[in-house]
Amino acid sequence: MSISEAMQSAARDVLASGQVQRVIGYETGPHGRVRPAIIDRPEEAERLVWSADCTHNLTVYLHRALTGENGRASREAVAPPARVAIVVKPCDSRAINVLLAEHQFSREQVFAIGMACEGMRQGAPASAPEATLQARCLRCRERVPVVHDVLLGEPPSALPEALPDEALAHVRDLPPAERAAFWLSQFDRCIRCYACRQACPMCNCPTCLFEQEDALWVGMRIAPSEKRTFHLGRALHLAGRCVGCNECERVCPMGIPIGLLNRHLAETVESLYGHRAGMQPVLSPVTGMLSAEESAP
Amino acid sequence: MYEPKVIGFLCTWCSYTGADSAGTSRLKTPWNLRAVRVPCSGRVAPELILRAFDQGADGVLVLGCHIGECHYDSGNHRAAKRIPLLLSILEFAGMQPERLRLDWVSASEGDRYARIVSEFVDALRPLGPNTWRINGAAPRADAAIGMPLPAASGLSGGAPCP
Amino acid sequence: MVSVGRQKNIKLLSYSEIESVSGYVGNFEVRVRRKPRYIDESKCTGCGNCASVCPIEVTNVFDLGLSTRRAVYRHSPQAVPGAYTIEKRGIAPCRNACPTDQRAQGYIALVRQGRFADAYWAIRREHPFPSVCGRVCNHRCEDACTRGSYDQPVNIMALKRFVADWAFDHRDQLPAQRAKSLTGTPFAAHPTASGKKIAIIGAGPAGLTTALDLVRLGHQTTVFDSLPVAGGMMRVGIPPHRMPVELLEWEIQQILDEGVQLRLNTWVDDIPALLDQGYHAVLIATGAHQAKKIPIRNSNHPDNWLSLNLLRRVAQGEAIDLRERSVIVMGGGNVALDTARTVVRLGARQVSMVCLEPRGEMPGFAWEVEVAEQEGIHVLPARTFKEVVVKGNRIAGLRCAEVVFRGFKRGRPDISEIPGTEHVVPGDLVIWAIGQGPDFSFLPGDGSINTCYPVGIQTNSEMMTTTPGVFCAGDVRRGQTFFVVDAIGEGHHAARCIDRYLRGEQGVREPHRPPVVELRREEIEHKVELGEAARRPRAVIRNIGVEARRLNFREVDLTLTEAEAVAEAERCLRCGICSECLECVSACERGAINHDMQPEILDLKVGTLVLATGFRDFDPRVAPELGHGRLANVLSAMEFERLINTGGPTLGKVLLANGQPPKRVAIVHCVGSRDDRYHEYCSRACCMYSLKIAQLAHEYLQAEVFEIYRDMRSFGKGYEEFYNRTRASGVHFFHGRVREVTAVDGHLRVQWEESFHNEPDQVDVDLVILATGMEPQGDTARMAKLFGLSRSRDGFFLERHPKLAPVETSSQGIFLAGACQSPKDIPDTVAQAAAAAAGALALIDQHTISLDPSIAEVEVARCLGCGQCAAACPYGAIELARGKAAVNAYLCKGCGTCAGACPNKAMSLIHFDDRQLIAELDGALAWIDAAEEVGHV
Amino acid sequence: MKTLSRENLNLWLDGLAAQHALIAPHLEAPGVFYRPVQRAQEIAWEAGRPVLSAKEFLFPPSERLLKVEKRGPDVRLEASPSAAPQVIFGLRPCDARGIRVLDTAFVDTPPIDSRYASRRENTLLVGLACRSMGASCFCTAVGLAPDDPRDMDVMFSDRGATLAVQALTPRGEALIANLPLVEELGEVEPASRREVGGLPTAEAWKESYSDARWAKHGERCLSCRLCAYVCPTCRCYDVRDEALPSPPGEAHFERLRAWDSCMREGYRLTAGGHNPRAASGSRLRNRLLCKFVYYPHQYGPAACTGCGRCLDACPVNLDLLEIGGALQEAAQ
Amino acid sequence: MSTADGADPMYPLLGRLVSSRDMGREIKLLGVKLLNGTQPRFPAYAPGQFAFLSAFGIGEAPFGLASTTERGEVLEFAVQRLGSVTTGLHELAEGDALGVRGPLGNTFPMEAFQHKNLLVLGGGIGGAPLRPVIHSVLDHRQDYGQLTILWAARHPSLLIFRDEYESWRAAPHTELHLTVDEADAAWDHHVGLMTDLVRQVAPSAANTVAITCGPPIMIYHVDKLLSELGFAPEQRYVTLEARMHCGLGKCGRCNMGELLVCRDGPVFSMAQVGNFLESYL
């Protein structure tokens with residue numbers, strides 16, 4: 001039985017047995033593109049697939065699914081599902097932990113179908129033959145989701161050596177002036193479509209701080225400074241929360257290396273506070289107390 | 001002669017009073033600092049500091065009570081946790097780290113207050129005005145940066161994502 | 001203070017600790033732990049009888065160690081309430097270690113005071129056979145003794161023996177304090193008869209102890225024993241050279257005097273019958289009197305004797321002649337040693353002791369092995385017995401082989417024989433002393449009383465055998481010989497079990513064991529330093545010479561002299577402070593004393609709190625250069641105050657170490673204050689009290705007084721005048737910062753810097769008084785956490801605002817009064833206290849409280865309920881309710897940390913909200929030249 | 001047909017760049033964009049469809065409507081200056097159509113939007129025919145062609161060494177008036193077409209309003225604005241006053257308008273808190289129906305140019321053709 | 001085409017606040033006088049139309065014109081403080097400058113209403129755009145039949161134009177009915193929802209036109225009720241509110257299906273609304 005089939009039957013079972021009312025997984029769309037699938041009936045399970053192109057972080061749908069906020073065409077409220085099954089990769093599963101810590105839903109509401117992950121492919125299936133793993137997957141050492149109720153697939157016994165983060169090192173090594181110029185040129189391309197934010201499971205504020213009507217924090221102008229403020233601000237809000245799924249960077253139509261910001265802060269948080277987002281369901285340490293030794297004057 | 005514009009977030013119990021005592025004891029402190037009084041250094045949201053730089057501040061100085069002496073038990077712990085992260089990301093984005101500093105001044109330490117502010121301003125002068133606040137479009141410079149940027153999710157040529 | 005005590009609206013919870021504080025202004029919940037005084041405040045008249053009989057002397061903290069007080073004490077003559085208090089630290093390790101719960105520290109303390117009779121009766125409380133355990137005990141008390149961790153344990157056994165012997169020697173004029181020895185126990189001198197009869201089989205330590213306890217509980221007890229003498233092993237197992245018979249007999253007689261019936265020479269073998277005869281309960285305490293043998297070749301040759309039989313014969317006075325015999329004693333335990341040493345006294349030509357265990361691992365006391373060798377016994381350890389060699393029909397010796405001994409595995413020795421080491425130990429009489437077990441032959445054949453071989457008779461936790469009403473205690477229960485204390489311990493327990501069996505609920509409860517004290521090394525040293533325990537080494541036991549022991553059973557070890565006993569007793573550290581000797585209980589005429597008092601938890605609901613936890617006097621030893629604690633005649637101001645106080649330890653006399661009154665006195669200012677090495681702040685009160693001291697020294701001691709001051713700070717009403725008067729009275733004032741105080745030929749030389757021009761920079765005096773400053777109480781940090789307060793740099797509690805809210809704290813409804821907020825003198829303290837009281841009353845009177853307007857508020861529409869704010873709030877004022885943050889306005893102190901933390905700025909701080917702060921920012925940065933302008937695409 | 005040699009073309013373009021703003025496809029790290037260029041050689045010739053449409057040069061992501069200067073009670077308003085002339089070169093037919101579509105809303109339907117209008121009348125559209133259609137292109141389904149010249153002022157067709165040129169408007173004529181054009185025999189060979197089916201009729205779209213599938217699609221939608229911002233015809237905007245740095249004693253503001261999208265959750269949220277399109281499905285439906293039903297109703301033309309950008313851009317692969325196809329089936 | 005001042009429809013006319021008085025809790029009636037000078041006068045407007053007010057530095061928002069041209073040149077707007085713009089408008093002092101754009105949108109077909117009985121139902125701040133209707137009727141009393149005004153609000157303090165009730169009642173063939181969801185001590189009128197009041201008044205549909213304005217949910221229920229009472233769709237008019245930024249049919253914000261509230265509305269007959277693709281709810 002292929003992993004896709006295993007996933008399908010897992011989904012079918014939990015739906016049929018009424019354990020969950022909804023399954024969030026992957027399906028294949030037009031042009032062979034893999035995309036999120038949200039199914040409510042056992043017979044739909046056959047649509048589900050698993051491949052090295054399932055790069056989306058589906059946890060972005062969890063909160064909305066569980067509160068019944070999305071998936072309506074009319075204003076009649078629909079009763080939200082009591083429990084939702086979701087297909088998670090290791091990185092995605094860490095997002096679940098973060099969201100649990102932030103009380104976005106309870107563990108009981110989630111049935112995590114964990115996938116032993118061997119990394120996601122760069123680019124399209126069309127380019128399959130020469131397709132390489134995404135850079136983030138080459139850097140990643142985790143193969144088994146930290147959160148899962150079932151685990152599908154065999155975690156590979158031998159792990160390839162994790163690659164160093166060259167891009168990050170490169171930017172860090174630039175002289176400040178050049179770094180500033182580099183980032184400005186990147187931010188300048190931003191069209192403020194907010195796909196990065198919308199695709200991020202952690203960006204779940206009711207209305208983004210940087211898009212408030214009153215423009216208190218950042219204006220609506222498409223000037224580099226506004227865009228920089230948005231991106232840096234967002235990175236700050238993700239400090240200690242970002243699980244490195246890199247969706248923000250993937251969905252960016254303008255190819256802005258947003259992931260660099262998050263990775264940089266993730267490293268800072270880990271080195272300062274020894275915290276890695278999502279390894280356990282604990283809040284980001286950023287609002288916490290200093291440890292005894294830190295607080296020593 | 002260039003004079004840095006400095007915003008100082010002073011916690012009302014320690015550093016603000018410290019500034020007060022610096023004044024009452026006639027200590028010379030640079031005029032560059034414009035004080036914004038906050039109840040506690042923990043109140044200083046990183047976004048506020050970001051905002052200050054966007055509005056053209058050349059430097060931001062956050063002063064709170066010494067760790068362990070916070071009037072609010074541990075508010076300053078939070079500042080001590082957050083602000084390093086802000087500094088880190090600002091530096092990563094190309095700002096000189098000298099432009100943001102978090103330090104502790106107690107109500108009695110007028111001298112310390114004066115010293116820190118002078119140090120801070122002196123460190124800023126050689127840096128010149130902050131180029132952080134930009135007007136108009138930035139130079140499209142990424143051609144200049146020969147770094148391996150990830151390909152865009154590739155709208156061009158219809159390479160789909162993924 | 002007194003008026004406070006009398007004021008009916010003031011509930012004074014003295015001797016109490018705050019355990020927790022929760023809630024908020026108007027609704028505080030304070031959990032108070034009232035430490036037990038062990039004395040009922042309402043009954044205590046403060047007469048002090050308890051203190052007069054209390055044997056425990058400890059340093060008097062109130063007099064700064066200048067005097068001592070008893071473990072039961074009154075804080076100070078003026079204390080309110082005047083009730084006494086017993087200071088306990090739990091029970092001493094010695095008591096805890098003893099199976100009989102013997103309060104060793106108690107009788108030791110009494111011995112220390114030469115109150116030997118009291119000591120005797122204190123011992124008798126738990127222990128009917130002090131003379132025995134004063135001799136043959138394995139004294140676990142000493143193993144546990146804290147002093148052992150310092151140098152050597154107190155020789156408790158010797159002290160017990162001393163008391164026992166002293167009592168025996170003075171038995172005629174011994175005050176009859178039996179009743180007193182029963183106070184604090186469940187027993188009564190003249191108990192009301194319960195009408196229950198109990199049969200006890202076996203007159204050993206277990207049986208007799210149980211019998212005595214039961215009689216004291218009002219039961220009728222009869223003790224049966226098959227032997228013609230009572231005492232069991234104590235009587236027939238311990239040879240006279242270790243345990244003189246007459247002492248034991250005297251102790252047994254006292255037991256019989258209390259009404260225990262004794263039926264000797266009676267072999268009971270039908271226990272069910274006893275129950276039929278109207279006994280309501282039976283106790284089997286027959287001990288373990290069967291010596292073991294192992295079946296080796298010729299082990300049944302008539303010259304194979306059994307140790308216990310020999311000892312029993314000797315104990316019963318039979319004259320046995322072993323001259324011309326050479327004896328091999330098999331075994332390495334205490335019985336073997338007793339046997340061997342007995343054999344020596346019976347004149348044996350040669351005595352060898354052969355045992356399996358190597359030297360050092362022999363079960364017998366090591367010291368006694370030495371003694372045995374001194375007495376000429378050949379100890380041959382680490383040998384296995386292979387056969388008893390018989391030549392003709394006489395035993396020629398014992399064939400042994402040397403072994404490697406690896407201890408016991410599942411009761412069997414784990415050994416391996418060393419090849420080629422076989423040899424014969426010569427001898428013509430073999431005595432087996434390799435252990436003994438109980439005799440079960442008297443048990444009913446139907447197994448209704450179950451034995452669990454090899455251990456003994458099976459009992460449940462209540463000591464009852466498998467037959468209801470039949471109990472079992474002592475060696476017979478354990479199946480092998482233990483120590484007398486264990487038997488007594490089990491005896492007590494059996495008595496309680498039986499009583500409970502007979503009376504059900506009304507029966508005696510098991511005594512509760514308070515926690516054991518563990519002194520830290522520095523505590524021990526401190527006690528020794530303060531002289532609470534003598535430094536001298538452990539008393540050694542003298543004994544009669546070896547030759548004096550030939551052919552007789554004179555006791556070998558000598559008892560301590562009274563002087564030695566007292567001296568040894570002085571080594572006790574009194575770990576538990578109160579030793580629960582219970583002298584006070586019998587001394588108190590109002591029955592106010594209750595040693596079982598438990599701490600009481602009070603949950604108070606109060607609207608406001610006032611902290612007046614005061615200060616701690618700066619410890620001048622921290623500044624060694626000033627010589628306090630190092631040089632004689634250097635006093636801290638407080639010490640001087642106590643001394644000059646007529647109610648003080650010296651009733652107002654101030655004399656030098658040499659007994660002379662001081663002629664020249666120097667008062668050193670700013671000790672610990674205004675000194676960046678110690679405290680930067682000025683303690684404010686010292687200058688003025690120094691002036692007072694100066695006047696006292698000047699007027700009452702007619703001494704010449706020198707004030708060495710940094711700056712005279714005589715602010716405040718009438719202070720400057722006081723200073724001028726003092727100056728005018730002839731007290732010398734020298735400006736200076738004292739560098740050090742040294743002893744120079746019988747004087748104290750005070751040297752200082754910063755002296756004024758043409759003024760001295762040193763003075764020789766014979767008394768130096770250090771004007772020590774104030775510092776925060778040691779537990780200020782804990783209190784701050786408890787009450788959610790902050791502390792200022794100097795460690796004192798932090799007021800809400802130095803100028804505008806000096807008595808309030810950042811926590812609304814909590815006020816500060818006195819030196820816990822900062823050093824201050826009495827008028828200031830009173831003023832602040834009044835202000836605090838007024839503040840508290842104001843709040844109470846309003847019935848409503850107005851909160852600080854600047855508190856956090858949530859814009860629910862923006863909140864995503866992530867809980868960062870709650871995590872950031874130092875006061876736990878934020879809860880998540882239905883996925884949104886909610887602020888408890890009472891707990892919120894308005895620090896705004898939540899607003900700083902909230903990623904979406906749903907949390908904002910009223911009066912410091914983001915809009916306002918940003919407006920400030922923009923204003924502050926508005927000096928950007930107007931030319932600058934934002935361009936556009 | 002008239003042709004122009006590549007050299008001359010480059011010379012001409014360099015000339016244009018010198019006089020006006022010249023906007024043309026330009027290669028940047030993440031892909032090709034319409035950008036102002038200084039010289040012909042900066043132009044990316046072989047690149048496919050640019051990441052973004054050219055609408056930003058007529059309808060910028062954000063622009064100032066007016067400037068407000070407050071001095072005490074007095075207020076001075078200042079209109080923004082009119083736009084400078086610009087030539088957009090290498091424009092794709094779909095993007096040209098996009099601009100035409102915007103014209104109908106901003107210019108052709110009164111009242112005229114003067115900001116847009118002033119840019120539009122200063123802009124010349126110089127097209128470059130696509131040789132073929134990209135993977136996700138479906139211009140043919142909306143009645144366009146890869147080489148459709150209709151919406152251009154001037155149209156170029158690349159023939160290798162030379163390019164065929166045709167002017168379609170007087171302004172176009174004027175623009176190429178003095179170009180060294182060469183008359184060549186033969187016709188420009190048409191670009192290779194690919195027929196793309198499945199796009200429902202306006203009626204079918206309208207019928208689909210209450211189709212349950214919208215909810216399903218909505219479940220997947222992330223409510224970002226990618227589709228709208230890459231779309232050549234999406235023209236929703238937001239208006240807001242924002243502070244400008246001002247001299248002491250004065251307060252300067254600008255009235256901004258910036259791109260907005262009906263895909264945004266708070267798009268219809270009123271101050272009273274009422275949001276008729278709180279559900280993602282209804283927003284998705286509104287956008288697509290706007291293209292094929294509402295927009296035509298309000299301004300005339302259908303508002304989809306078949307550029308296919310939204311198909312590629314959507315992070316979760318919401319596919320207009322797929323959705324439409326399904327609806328079409330349902331309609332029949 | 002040019003961007004000369006005034007020609008740009010996005011370019012506001014400067015006006016001054018001549019009066020700002022409280023009508024209820026957080027509700028002010030703003031009187032605006034346009035600056036004369038280079039700017040053209042504000043064209044004549046008719047009941048139902050709206051205009052944008054600019055609180056400079058904060059933004060622009062649409063408000064129904066609460067005045068009539070006939071009653072003078074002062075433009076009146078009832079503004080309830082809800083968002084940032086309305087707050088900004090509330091904070092303006094008399095004499096302060098503000099911007100006005102309009103008049104915008106369609107109007108009530110007052111001619112068509114002539115000689116008909118009018119049922120005017122105003123809920124809360126929604127009553128503001130109906131005031132011109134009432135005024136025109138009162139000013140041309142003889143041209144219209146019976147005028148029945150049903151005025152509702154969540155709370156007495158939220159009722160608008162309270163000071164005019166007397167003059168309304170005083171007019172011939174005119175009745176005014178008030179209701180509030182929750183009353184206060186002083187309240188001696190009907191308590192309950194607008195629908196309750198309608199049931200109580202039970203207006204006859206004969207030769208009557210109903211004009212409703214208020215929160216969408218109220219419009220929805222009232223309209224249902226009216227149709228039950230026999231009002232044909234053509235007899236039922238509403239004015240709808242929607243978020244909008246231009247008022248010119250450009251910004252695309254205010255569409256309800258294919259219709260644009262700003263251009264095709266805000267006044268609709270239920271005959272039209274019935275054909276909306278998208279519900280106004």
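Two strands count as paired here if DSSP finds at least two bridges between them. Strands (E, at least two residues) and helices (H or I, at least four) are DSSP runs, numbered from the N terminus. With that in hand, look at chain B: in E2(B), the residue bridged to B:Val6 is B:Leu33. That bridge belongs to a bigger pattern, since strand E1 (residues 6-11) of chain B and strand E2 (residues 33-38) of chain B pair in the parallel sense over six bridges.

Before going on, some ground rules. This is a predicted model, where local features need pLDDT of at least 70 and side-chain atom pairs count only at pLDDT 80 or more, while totals for chains, interfaces and linings use all residues; side-chain values use heavy atoms, with hydrogens and water left out. Residues are numbered from 1 along each chain as its sequence is written, and chains are lettered from A and ligands numbered from 1 in the order in which they are written.

How does chain B get from one strand to the other? E1(B), helix H1 (residues 15-24) of chain B and E2(B) make a right-handed β-α-β unit. Right-handed means that, with the strands pointing away from you, the path from the first strand over the helix to the second runs clockwise.

Chain E offers a wider sheet. It is open, has seven strands with mixed pairing, and follows the order E10-E9-E8-E7-E11-E12-E15. Its edges are strand E10 (190-191) and strand E15 (267-269) of chain E, each pairing on one side only. At the E10 edge, strand E9 (residues 174-180) of chain E runs parallel to E10(E), and two bridges join them. In E10(E), E:Val191 is the bridge partner of E:Val180. As a reminder, strands of a sheet pair through backbone hydrogen bonds, either parallel or antiparallel.

Now zoom out to whole chains, starting with D. Chain D has ten helices and twelve strands. Its radius of gyration is 22 Å, close to the 20 Å that the globule rule gives for 332 residues, so chain D is as compact as a globular protein of that length. The radius is taken over C-alpha atoms, and the rule is 2.2 Å times the number of residues to the power 0.38. Those C-alpha atoms fill a box of roughly 65 × 65 × 40 Å along the principal axes. In chain D, 66% of the 332 residues count as buried, meaning under 20% relative accessible area (exposed is over 50%, partly exposed in between; 1.4 Å probe, protein chains only). Chain D averages a pLDDT of 89, and 100% of its residues score at least 70; pLDDT is the predictor's confidence in each residue, from 0 to 100.

Chain A can be read the same way. It has eleven helices and five strands. A compact globule of 297 residues would have a radius of gyration near 19 Å, and the 20 Å of chain A agrees. The C-alpha trace of chain A spans about 60 × 50 × 50 Å along its principal axes, and 62% of its 297 residues count as buried.

Which chains share the most contacts (heavy atoms within 4.5 Å)? Among the eight pairs of chains that touch, it is A and B. Chains B and E do not touch, with their nearest C-alpha atoms 17 Å apart. No contact joins chains C and E either, and their closest C-alpha atoms lie 12 Å apart. For the model as a whole, the scores are ipTM 0.89 and pTM 0.73.

Methods:
Contact means heavy atoms within 4.5 Å.
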